[in-house]
Amino acid sequence: MGAQEVREGFVRLYGAEPEGVWAAPGRVNLIGEHTDYNDGFVMPFALPHTAVAAVSRRTDGVLRLHSADLDSGVAELRLDDLRPESDKSWTAYPAGVVWALREAGHAVTGADVHLSSTVPSGAGLSSSAALEVVVALALNDLYDLGLPGWQLARLCQRAENVYVGAPTGIMDQTASACCEAGHALFLDTRDLSQKQIPLDLAAEGLRLLVVDTQVTHAHSDGEYGKRRAGCEKGAALLGVDALRDIAYADLDAALDRLGDEEEVRRLVRHVVTEDQRVEQVVSLLESGGDTRAVGPVLTAGHASLRDDFRVSCPELDLVVDTALAHGALGARMTGGGFGGSAIVLAEATDVEALTKAVEEAFAAAGHKAPRVFEAVPAAGARRLN
Ligand code: ADP
Ligand code: MG
């Protein structure tokens with residue numbers, strides 16, 4: 001839905017023009033998976049799919065929320081009643097942002113919000129971060145808070161971790177808030193330092209496809225928690241603050257020290273090699289050489305997520321295997337895993353045949369048809385009007 005439609009929807013609902021309209025994108029992660037809660041590196045870029053919100057301030061301590069994409073009506077909440085983990089519906093994401101802003105001492109006195117999003121929900125493309133960031137940016141502008149993107153991302157992460165109750169890392173919110181069109185974002189999740197890396201695949205005759213498997217395996221939340229706990233155990237056993245502190249050159253020695261902790265060894269190996277893969281992709285892209293060389297690094301990342309971190313699933317493996325068998329330069333699951341989406345780097349000329357092959361493989365395996373689209377690095381969160 002475009003800015004004008006969302007603006008009109010706001011007027012119909014609330015009977016007045018909104019003070020403004022903002023957009024925040026979903027993201028796809030090129031490389032660096034399950035590293036963001038290990039203080040490591042990630043490299044997402046923004047999708048053209050966005051959450052668009054029309055917003056006005058209120059002065060009476062009331063927050064009204066409406067999504068054009070659901071038929072749940074207008075939710076009316078009192079700011080003084082907002083309590084972490086009290087809300088199990090979608091409104092927890094925007095309300096959590098207001099809660100986090102107020103908890104941080106920002107004088108937000110209420111808002112009317114009407115939004116709509118084209119980010120596929122639950123596809124591992126961060127529809128939740130898009131919702132949070134669009135509301136955070138709107139309130140930042142309207143209440144003149146002057147917070148930079150990385151700080152809005154931190155507040156949105158706090159909203160999701162504490163208010164919603166979902167233990168996510170900092171990548172999704174930072175990507176939505178800070179990405180730039182035509183670039184991937186090389187982010188150090190320890191100090192949030194960032195670097196925009198130009199990524200113009202079309203100029204080299206390449207395409208990046210996103211394949212949304214349209215499945216979410218039910219146990220994904222619990223498994224995510226287990227992986228996080230396993231990583232923390234690994235860091236503790238190795239005497240470091242986070243797995244980020246294990247240098248790639250010291251990996252073998254670190255694995256030896258873990259002795260018979262086989263599961264922890266696998267988790268540590270993934271995280272340390274994945275950080276190395278992010279650095280490898282950054283140097284490949286920055287050297288201005290052939291971007292095709294990124295392909296095998298993506299594929300190695302998938303193998304590590306499948307075999308060591310064990311967060312893939314049959315549908316994701318099928319996308320990767322089929323794409324590689326039909327000429328893809330590289331492919332990997334992206335996002336947390338257990339469903340969601342995979343990415344495929346391919347020659348533009350191979351895209352059609354490859355897409356067909358993946359669709360046929362899904363049909364043959366009896367899976368629901370996947371949704372395939374091309375991803376071009378788009379702009380981060382912004383005011384539309
Ligand atoms: P992801 O971020 O990977 O898409 P999450 O489970 O983190 O998956 O977030 C999905 C949730 O975000 C949905 O269950 C819903 O509560 C909320 N959401 C996403 N898009 C919308 C929307 N357009 N309107 C209302 N809520 C939405
Ligand atoms: Mg999410």
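**Exercise 1.** Which residues does the UniProt annotation "binding site" cover, and where do they sit in this predicted model?

*Solution.* Start with the record: the unreviewed UniProt entry lists Glu33, His34, Thr35, Asp36 and Tyr224 under "binding site". Next, look at how they are spread. In sequence they span 192 residues, yet no two of their C-alpha atoms are more than 12.5 Å apart, so they gather at one spot.

**Exercise 2.** Take His34 and work out whether it is buried or exposed, then list what it touches.

*Solution.* First find the residue: His34 belongs to the loop between strand E1 (20-29) and strand E2 (41-42). Now count around it. There are 25 other C-beta atoms within 10 Å of His34, and 20 or more is enough to call a residue buried. His34 is therefore buried. Finally, skip residues up to four places away in sequence, and its contacts are Arg227, His270, Val271, Glu274, Phe309 and Val311.

**Exercise 3.** Do the same for Asp36: is it buried or exposed?

*Solution.* Asp36 is placed in the loop between E1 and E2. With 22 other C-beta atoms within 10 Å, Asp36 counts as buried. Leave aside neighbours within four places in sequence, and Asp36 is in contact with Val42, Gly169, Ile170, Met171 and Thr189.

**Exercise 4.** Trace the six-strand sheet and say which strands stand at its edges.

*Solution.* Write down the order: E5-E4-E6-E3-E1-E13, an open sheet with mixed pairing. Strand E5 (75-78) and strand E13 (382-383) each have a single partner strand, so they stand at the edges, and one side of each is left without a neighbour in the sheet. Zoom in on E5: four bridges join it to strand E4 (residues 62-67), and the two run antiparallel. One of the pairs to look for is Val62 with its bridge partner Arg78 in E5.

Now add the helices. H3 lies across E1, strand E3 (44-57), strand E6 (111-117) and E13, at about 145° to E1. Helix H5 (residues 171-178) also packs on the sheet, touching E1 and E3, and its direction makes about 130° with that of E1.

**Exercise 5.** How many residues surround ligand 1, and which helix gives the largest share of them?

*Solution.* The count is 15, and the closest are Ser67, Trp90, Ser117, Ser127 and Ser128. Then sort the shell by element: helix H3 (residues 127-142) supplies the largest share, three residues. Last, sort by type, which gives six nonpolar, eight polar and one charged.

Technical notes
Residues are numbered from 1 along each chain as its sequence is written. Chains are lettered from A and ligands numbered from 1 in the order in which they are written. This is a predicted model: local features need pLDDT of at least 70, side-chain atom pairs count only at pLDDT 80 or more; totals for chains, interfaces and linings use all residues. A residue is near a molecule or strand if its C-beta atom, placed from the backbone, lies within 6 Å of it. Ala, Val, Leu, Ile, Met, Phe, Trp, Tyr, Cys and Pro count as nonpolar, Asp, Glu, Lys and Arg as charged, and the others, Gly among them, as polar. UniProt positions are given in the numbering used here, feature names are shortened, and annotations may be inferred rather than shown by experiment. A residue is buried if 20 or more other C-beta atoms lie within 10 Å of its own, exposed if 12 or fewer, and partly exposed in between; C-beta atoms are placed from the backbone. Two residues are in contact if their C-beta atoms, placed from the backbone, lie within 7 Å. Two strands pair if DSSP finds at least two bridges between them. Axes are lines fitted to C-alpha atoms, for helices over the stretch in contact, and angles run from 0 to 180 degrees between N-to-C directions.
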